Amino acid sequence: MAYVLHYMDLRARGEPGRWVLKALRQEYTEDRINILTQWAGKKKDFEFEVCPVLMVDGQQLHQTLVICRYLGEKHNLASSDLWTATRQQELMESLHDVSNYVATAFISRLRGNLETAAANVKQVKVRIPVVLRNLEARISNQGWIHSDQMTWVDVAMAACLDIYQDMMGKDLLVDYPRSQALLASIKALPPVADWVTERPPFSKFEDPEGLF
Ligand SMILES: N[C@@H](CCC(=O)N[C@@H](CS)C(=O)NCC(=O)O)C(=O)O
């Protein structure tokens, strides 16, 4: 049965799952919810009242990285070694943590609270280099995170790096050649490349202009 991904009309926490679905060539449809006009009316449809949500055989699966991990493990794009998988996830969670600051920055800007928005952007700028330093050290000579083969973590990581690069500037990865190469390898996967070409631009809500 084809998957259904419920998420807002944003890249944000939706993009990692989309890229993993694309990389796996899984059939899926997307319910894109307008964050400004539709979300309030749909929030209660979801068990934890947040998105993304992946529908799996009629059940709701929440949490961005849980969704990615489930897809990766189910469709054989995951490390089978527990310690390797755990270390990969440690890194992935560290980057995903930063999305809380990004989300708060955008919501604060929407509400006109520019000071809080700026404080959260500052946190993003402090946290991202720490994660990148660790990421760079964990990419193998073959180009994958803690692995000699691509896993879902590489795909989800690349989806996030792509967003941060678009938000914070093309120089973001200049000191991190392995991370740059990882992003390029994932973006070159044909289904991901097609998606990057055809996807909508940043919505007004997450437009980084003037914030980053
Ligand atoms: N830890 C969760 C966070 C989910 C989350 O907060 N999603 C946001 C959108 S990115 C949301 O649904 N916000 C709407 C709300 O809280 O009403 C994840 O990574 O999926």
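Which side chain does a polar contact of 2.9 Å join to that of Arg199? Let's work that out, then move on to the ligand.

A quick note first: this is a predicted model, where local features need pLDDT of at least 70, side-chain atom pairs count only at pLDDT 80 or more, and totals for chains, interfaces and linings use all residues. Residues are numbered from 1 along each chain as its sequence is written, and side-chain values use heavy atoms, with hydrogens and water left out.

**Exercise 1. Place Arg199 and find its partner.**

- Step 1: go to the segment after α8 (190-198), and there's Arg199.
- Step 2: check the burial. Arg199 has a relative accessible area of 10%, so it counts as buried (under 20%, with a 1.4 Å probe and protein chains only).
- Step 3: look for the partner, which is Asp162: the two side chains make a polar contact of 2.9 Å. Such a contact is a pair of N or O atoms within 3.5 Å; within protein, one must be able to donate a hydrogen and the other to accept it, and residues adjacent in sequence count only if both atoms are side-chain atoms.

**Exercise 2. Describe the ligand's surroundings.**

- Step 1: list the shell by class. You get 6 nonpolar, 3 polar and 2 charged residues; Tyr7, Met8, Gln63 and His96 are among the residues around the ligand.
- Step 2: pick out side-chain polar atoms facing ligand oxygens. Lys43 has an N or O atom 2.7 Å from one, Trp39 has a polar atom at 2.9 Å, and Arg13 has one at 3.3 Å.
- Step 3: turn to coverage. On its own the ligand has 510 Å² of accessible area (Shrake-Rupley, 1.4 Å probe), and the protein covers 73% of that.

Note on methods
A residue is near a molecule or strand if one of its heavy atoms lies within 4 Å of it. Ala, Val, Leu, Ile, Met, Phe, Trp, Tyr, Cys and Pro count as nonpolar, Asp, Glu, Lys and Arg as charged, and the others, Gly among them, as polar. Helices (H or I, at least four residues) and strands (E, at least two) are DSSP runs, numbered from the N terminus. Buried means under 20% relative accessible area, exposed over 50%, partly exposed in between (1.4 Å probe, protein chains only).
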